[in-house]
Amino acid sequence: MSQRKVGDPQIEALCKGFSKLSRQERETRLIQMGFLTTEDITILHQENPLTIDLANHFVENVIGCFPMPLGVAVNFVIDGRDYVIPMATEETSIIASASKTAKWIREQGEITTQTLGGLCIGQIQLPIVENFNEVKQKIESNKSELIDQANHSVARGIVARGGGIQDMIIRRIYRGDGHSMAVIHVMVDTRDAMGANIINQVCEFLKPHIEKLTNEKVGMCILSNLADTKLSQAKITIYDIEPQLGKAIVEGSLFAQMDPYRAATNNKGVMNGIDAVLIATGNDWRAVEAAIHAYAGYSGQYGSITQWYMKDNHLHGVIEAPIIVGTVGGVTRLHPVARICLKMLHVQTAAELARILAAVGLVQNLAAIKALVTEGINKGHMKLHLSNLALASDATQEELPLLKQHLIERLEKQKSVTGKDVIEILNEMRKKY
Ligand code: MEV
């Protein structure tokens, strides 16, 4: 075993009992840990940190803002560094299970990450080409000039930041009607921007040049979300895991690897974590959703985006996925809450943010599989779900604590609770008291 990367004991102490604290105490701890400032807290406390005026600049026909709960998952140590993970989600249990599982890993294992590749893909499509090989030859022999032209004009901003267009790859797609389609992949290093806008601009800039060069018509110019040339990988190891538990987790993982019906749910659990951080940091979660599901179906059969296996006495998990995000551009720096969340993560680059996202997805997956192969998913889920059921009823503030207590008892007795049970219990309570 190489030197295990452990977190800061002071941060670990401040994470202790975090979920049991009041909101004010949690905020104080986050300030003590250096993840938030009092100014950040003031913004977070505002009734509407995203003003209607600002929202009006983001989208059309604005009529309001849609608030979501924002929480933090604690106990995360990734590549030996402590992180507090901001998560915007309406689903109960996600933040609690991420924190609990991160604690387990902190105590008995580690999370490591790496970036594989660094180029995003823009597609220029030539729907029908007379002679594919001729088109390919023309583009390949003029590739350097095309790249230079784009890098010195439309992409000069990204070039100034150390990125830019690095390559062009020509692919042939047989259309099935006897003709061929040519697709040019424009490979762009977008640095810390998610890059959708710049990639689309680059492809559109190249369109007339390519049409002139090839004498063929260009169809679409658009980025591809399946950026298999820029993957984020996260690995988790739990050392000396209890053998029965390790075996059960591996079995649970195998199910998702072999069966697309289970794989979809497994991957939904992964996205529970990833989406929550994407939303909190103002990133395009639809792009990452599309990318991850496309990558999960890459082999021709949709499968699990995560794998778990045992080696010696240790449990190992891995996720490898195209997670294209930005720390600049889009609304990342414009949305006041996203700005705070990004700052809280102390990330230096978009690649680092993508690796954190991969790690959070894998932690969330471990939490779900562990629960599913041991106590089942309901136990953790239901306690918080009961609280939501109670809140959705017309119980008064005074009635809520007793109603929740009765709901927990009902759950223990009949293993499930519905809205009908809530009405029944509430009516009984009102008769008695
Ligand atoms: C629920 O939101 C997510 C799970 O279904 C994920 C899984 O089954 O792995 C618990």
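This passage describes the domains of the chain, the interface of domain 1 and domain 2, and the cysteines.

In this predicted model, the chain is divided into three parts: domain 1 covers residues 9-116 together with 232-374, domain 2 covers residues 120-224, and domain 3 covers residues 379-432. Domain 1 is thus assigned as two segments of the sequence, 9-116 and 232-374. The centres of domain 1 and domain 2, taken over C-alpha atoms, are separated by 34 Å. To the contact, domain 1 contributes 10 residues and domain 2 contributes 5 residues.

The area buried between domain 1 and domain 2 is about 540 Å², and 64% of this area lies on carbon and sulfur atoms. On the side of domain 1, 57% of the area buried against domain 2 is supplied by Ile324, Val328 and Ala350, more than by any other three residues. Across this interface, 3 residue pairs are found in polar contact, whereas the number of salt bridges is 0. By class, the side of domain 1 that touches domain 2 comprises 5 nonpolar, 4 polar and 1 charged residues.

The cysteines were examined next. A disulfide is a covalent bond between the sulfur atoms of two cysteines. The structure holds 0 disulfides. Cysteine 221 takes part in no disulfide, and the nearest cysteine sulfur, which belongs to cysteine 203, is 5.8 Å away. This distance of 5.8 Å does not meet the criterion for a disulfide, because the two sulfur atoms must lie within 2.5 Å. Cysteine 221 counts as buried, at 11% relative accessibility. Cysteine 341 is likewise in no disulfide, and its nearest cysteine sulfur, that of cysteine 65, is 15 Å away. With a relative accessible area of 0%, cysteine 341 is also buried.

Terms used:
Residues are numbered from 1 along each chain as its sequence is written. This is a predicted model: local features need pLDDT of at least 70, side-chain atom pairs count only at pLDDT 80 or more; totals for chains, interfaces and linings use all residues. Side-chain values use heavy atoms; hydrogens and water are left out. Domain bounds come from an automatic or database domain assignment. Contact means heavy atoms within 4.5 Å. Buried area is the accessible area (1.4 Å probe) that two parts lose on being put together, summed over both. A salt bridge is a side-chain nitrogen of Lys or Arg within 4 Å of a carboxyl oxygen of Asp or Glu. A polar contact is a pair of N or O atoms within 3.5 Å; within protein, one must be able to donate a hydrogen and the other to accept it, and residues adjacent in sequence count only if both atoms are side-chain atoms. Ala, Val, Leu, Ile, Met, Phe, Trp, Tyr, Cys and Pro count as nonpolar, Asp, Glu, Lys and Arg as charged, and the others, Gly among them, as polar. Buried means under 20% relative accessible area, exposed over 50%, partly exposed in between (1.4 Å probe, protein chains only).
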